[in-house]
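Please look over the sequence and the structure shown here before reading on. The report that goes with them takes up one strand with its partners and then one pocket.

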Amino acid sequence: MAKYLTKSRFTLGLQCPQKLFYEARPDEYVDQRRNDTMLEGLAEGGHQIGALAQSLFMQADAGLTREIRDKKQDDQIARTADALTAESVTLFEPTIAYSDYLVRVDVLRKRGNRIELIEVKSKSFDSTSENPGKNPAYWTGKGGIHRDFLTYVRDLAFQYWVVRQAYPEWEIFCYLMMPDKSVPAREAGLHARFPVHFDEVTPGGGDFRPRVEAVDDLTEERLDQSFLARVPMDDQVQHVLDTTLEIPGITDEFPVVAKTLAALRTSPTPVDPAPIGSHCKTCEFYHPTPGTGEKSGFHRCWADRLGREDGYRREDMVFGLYNPSSSGPRSTKGLLSAGIHWLADIDPDVITEASQPTEALTTPDRQRMQLTGEWPGGGDHYFDANRFTRALDACEWPLFFLDFEAARSALPFRSGMRPNDIQIFQYSLHSMEQDGSVRHADEFLDLSVDGDVNVRMLRRLQAALGASGTVLCWTPYENTVLNDARSQLLATDSPPNDRDELIAFIESITYEKRDKTVIRRGSRCMVDQAKWAEHFYFHPQTRGKYSIKPLLPAILASSSALRGLYEHPVYGSDEIPSGNFQQKRWWVAEAERPDWPRDPYALLESTFDPTVLSDSPEVRYYQRFEAISDGGGAMLAYTRAQSGAMASGVRDGIEASLRQYCELDTLAMVMIMQAWRAEAGR
């Protein structure tokens, strides 16, 4: 076991000291971060931004730059110490150890005893804003660091603290280096200049380490003149070092907390008693059914308090309460403080007043239904057919069901784009006529690396929607990304000839809010179908939630109309035309629960030609895109396609997988609408 407390482990320990015990035992305890596609995408973006930072310093400090590439930690430490004997040097990934602590600095610039510590992050900021949540150079109203940047500053403070002890004679200056979203990229094809490659940790093991190489021939981007900008953080770092740290189970000065975490990292036993609390709700060391070889740190922490180590899920506890208050007795923290651990032990009268819903369901209504299992009308779920009928009658036929897949990248895809500009690279569109007939009406997918994908998408979507009909989405996501695309069109220096027409189209189907007040609403503004689910539908299997992934299996199970239709291979036939499926059955019973359907997203199958699945580590990595089933996977697939060449067979498989996943998203909306119409007799 490595003895050092590194900067990543220090950050993990600040979340909860107990995590250091579980993180040190990866062969025993489950870590959900290993299979999180969203985190994986962020990590890849971080590697690309890191490579760009190195490239900028290579350009500015020609002849002085060195990268510490040694694989063994002791060799890294020795190589760094040797390099630091130079009067002037710029080091990438230097490794400095002191006592039980070790930091690997992103960039260290040494000019005599003057040192710059530079922490490179892919999180963007806005240098033109005085909002501390958008610009870390500004303090909050209480004189602190905004929570959106606090973790990064603490990380930097730990590096400063370790390096300061190792080299007390140095004068150290600290910087965060992040993409400035107010500055466009100047370099052409920037994203493709930094392709992500994959090194397999163990041959055939399936675990990959991303690698991005720096380049030495940037022509437009320059250090301190690029969108990747340095922000001085000396005052903020000192503030962290001078402020008492409060973390689960520990409240003390910075050096004391660091020493405690270092000791826990190498401890043969976990913290006792475990520092349990509301933070456990998001613990990544969790498995719903822990067993040998797949231990759940969450269950171990709670064993003494609950008197059991397994046989329950986290949602069975107060963590499963739908939309708790952020503070007070109705919050997760408040319930735990009152000694309430189990969802079943929550008194509904403590959470909400007893009443019958008369209009749209409120959060207290949904909480009470979740806790009591009771609702007006009885049955296995609640449905307000009258409210649904009124909402449906306000719609113009046909109904269009729209879903986007979009991506943002800290490293702009093309010159002229700003960090994290939106790219809407895919949509699926189903239509439903008043007589109930359904078809997959249109789709768009563009993985190309040239031109403006948003413009091509908007032109296609405008033609597909025509001049009449109601457009439905699920959650405000489609509205948000369309408004972002509108902002980009207004800001670009090279607009398309039809920019005004495209902006008018966006404005016709979206709304805009300012300070929670709607200031613009289009004449054909999209209808949020998720709001319908929130306001007049409740199914106990979703634990109060109304997001589409938990809702779809529940509605499939409750609706005899859906079962009667989709247990037959009608989807992708003349009855329900499909763009990507042929005679597909979507109601397939679970093996051990014949009356409960399998999650349709689990029925998505591999789209890869078996001949492309070679022994190449790069291709083995891409097998994770054989059956994309979530938005994080779709976003990652797009960014991968933008950052370098891939085998044509792999690309074909990814495109087919994306098409099937996005089509299922809008089909899910259709299925839910079909179930509601059948239940309401419409």
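What follows describes a strand, its pairing, and a pocket.

This is a predicted model, in which local features need pLDDT of at least 70 and side-chain atom pairs count only at pLDDT 80 or more, while totals for chains, interfaces and linings use all residues. Residues are numbered from 1 along each chain as its sequence is written, and side-chain values use heavy atoms, without hydrogens or water.

Helices (H or I, at least four residues) and strands (E, at least two) are DSSP runs numbered from the N terminus. In strand S17, residues 470-473, Thr470 and Leu472 lie on one side and Val471 and Cys473 on the other, and all four are buried, that is, under 20% relative accessible area with a 1.4 Å probe and protein chains only. In a regular strand, side chains alternate between the two faces of the sheet.

Two strands count as paired if DSSP finds at least two bridges between them. The table gives the partners of S17.

| Partner of S17 | Sense and bridges | Residue opposite Leu472 |
|---|---|---|
| S14 (residues 399-407) | parallel, 3 bridges | Phe401 |
| S20 (residues 527-528) | parallel, 2 bridges | Val527 |

The second largest pocket holds about 1,200 Å³ of space, a volume being the space filled by probe spheres set on grid points that are joined across faces, edges and corners. Of its 25 lining residues, the closest to the centre are Arg313, Glu315, Arg543, Lys545 and Pro550. A pocket is here an open set of points on a 1 Å grid over the protein atoms alone, where a 1.4 Å probe fits, with protein on both sides within 12 Å along at least five of seven lines, and lining residues have an atom within 4 Å of a point. Helix H18 (548-558) gives the largest share of this lining, 4 residues.

Definitions and conventions: Buried < 20%, exposed > 50% of the residue type's maximum accessible area, 1.4 Å probe, protein only.
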